[in-house]
Amino acid sequence: MKKGEIVEGIITQVDFPNKGRMTVEDAEVMVKNGLPGQKVQARLKKKRSGKWEADLLEVLEKSPDEIESPCPHFGTCGGCAYLSLPYEKSIELKRQQVQRLLEKPLARQTKPWVLEGIKESPARYGYRNKMELTFGDEVKGGELSLGMHKKGSFYDIVNVPQCQIMDADYRAIVTYTREYFLKAGIPFYHKMSKEGYLRHLMVRKAMATGEILIALVTTTQMDLDLTEYVEGLKALPLEGTIAGILHTLNDTLADTIQSDETRVLYGRDFFEEKLLGLTFQVTEFSFFQTNSHSAEVLYDTAREFIGSIDVENPVIYDLYSGTGTIAQLMAPVAGKVIGVEIVEEAVEAAKENAKKNGLSNCEFIAGDVLKVIDDIEEKPDFIILDPPRDGVHPKALQKILSYDLPRLLYISCKPTSLARDLEAFLDHGYYMEKAICVDQFPWTTGVETIALLVKEEKAN
């Protein structure tokens, strides 16, 4: 076989995140965006470590497990990967992926361990409490689009008016926004020319309170009066209630949503959500689990895994604490909980949340875990890690390990990062006692994993 050759095969296994494996002429070929059991045609791209990487060209035969997708955008939009599988099959696929990833680092662990399956999301459709959509066009020179990136494309944006992971309020807001600016003839920001106005639309909605926060993200290349747009949003017949409408100015070159300046056009700059009896104030950029229904399952399971801490009035570190959700859930069983989060906006929200919930034993510190952890006077009796997708910085991980705590809890949103970080825990005398998956992101490749890590007792 050679580069550029077109091959056919049956995908026998799909590894995280959506890397299909098939055997062609005794050679292993990796192809993205396939499902187990599909017969596909692919073009060989390059060979690495004895395996071919290939681009999927066509699905010749569907998987025996496939069903009709409930979303008309599936296959074009790059948002969902498993929407043509029955739900039970999709989460079992994720569980298998995590199992295989954990088996590699844990092969040298002498203690037994178990992956206790995967917990379902209570909501399978319309579950997102945050959507980031991009302005653009679906074809070069085409009319204005507002939606998701086309599968496999950096530039093409697909309109998703019937997206199934958004609820009806999101769909109404997105449709109105696109139609308003299309009619007004307002240009989107072109990544290549660096010219244009419209960049992104962020919508966040609380599942418990129904409050909605809308942020229009633009450049400063136009001075547009947005009064009419705001009034149109307020007039939409929504089930929820608009808590705030923001105008976020962003002139950075990076294709990410960030703020040079944020203006409140209506209401306030946050919404309130409720989880497990607590109230949380969530701002535009503060981290909060994107599936509130499943977040309750995740955090309840985390509390079960932690169990009792054999120290009176323990000091608990909640590292990468976001808006302080885990910290506040642990506050009733702690002497003090200290949360560390790099996003200052999230830290301020966490402080407000603790006040609203009447919790006086929570402290939140803004800063990088790597730089801040040495300055905390109180040493921890227990640490909860909930890092971003890239996992824990290696130097920060060494500092965490130096506390030599009997147990730690690691909550991971990217199992490959967890598998990598497990190596360091094993090197330091820890073993993974148990783990469990939670389906936070139905139909996508994403999966949360909770792992309990225990320090092995030294023989006398």
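In this predicted model, helix H9 covers residues 415-427 and comprises 13 residues. Its first and last C-alpha atoms lie 19 Å apart, close to the 18 Å expected at 1.5 Å a residue. Much of the description below starts from this helix. The buried residues of H9 are Pro415, Ser417, Leu418, Ala419, Asp421, Leu422, Ala424, Phe425 and Leu426. Their cover includes two helices, H1 (87-106) and H8 (394-401). It also includes the strands E20 (382-385), E21 (407-412), E22 (430-438) and E23 (448-455). After H9 comes Gly429, with a positive phi near 90°.

H9 lies across E20, E21, E22 and E23. Relative to E21, H9 runs at about 160°. These strands belong to an open sheet of eight, ordered E7-E22-E23-E21-E20-E17-E18-E19. Pairing within the sheet is mixed. Strands E7 (114-119) and E19 (362-366) stand at the edges. Each has a single partner strand, so one side of each is left without a neighbour in the sheet. From one strand to the next, the twist averages 15°.

At the E7 edge, E7 and E22 run parallel and are joined by four bridges. Here Ile118 stands opposite Cys437 of E22. Towards the other edge, helix H6 (residues 344-356) lies across E18 (336-341) and E19. The angle between H6 and E19 is about 170°.

A further pairing involves strand E1 (residues 6-10), which is antiparallel to strand E5 (residues 39-48). Five bridges connect E1 and E5. Gly9 has Val40 in E5 as its bridge partner. Gly9 also belongs, with Val7, to the covered face of E1. The uncovered face of E1 carries Ile6, Glu8 and Ile10.

Overall, the protein contains nine helices and 23 strands. Its radius of gyration is 23 Å, close to the 23 Å that the globule rule gives for 460 residues, so the protein is as compact as a globular protein of that length. The C-alpha trace spans about 75 × 60 × 35 Å along its principal axes. Buried residues make up 55% of the 460. Among contacts with a separation of 6 or more, 65% link residues 24 or more positions apart. The exposed surface of the protein is about 20,500 Å², of which carbon and sulfur atoms supply 48%.

How values were computed
Residues numbered from 1 in each chain as written. Predicted model: local features only at pLDDT ≥ 70, side-chain atom pairs only at ≥ 80, totals over all residues. Heavy atoms only, no water. Expected span 1.5 Å × (residues − 1). Buried < 20%, exposed > 50% of the residue type's maximum accessible area, 1.4 Å probe, protein only. Contact = heavy atoms within 4.5 Å. Pairing = 2+ DSSP bridges. Axes fitted to C-alpha atoms, helices over the stretch in contact; angles between N-to-C directions. Rg over C-alpha atoms; globule rule 2.2 N^0.38 Å. Areas by Shrake-Rupley, 256 points an atom, 1.4 Å probe, with all protein chains shown as cover.
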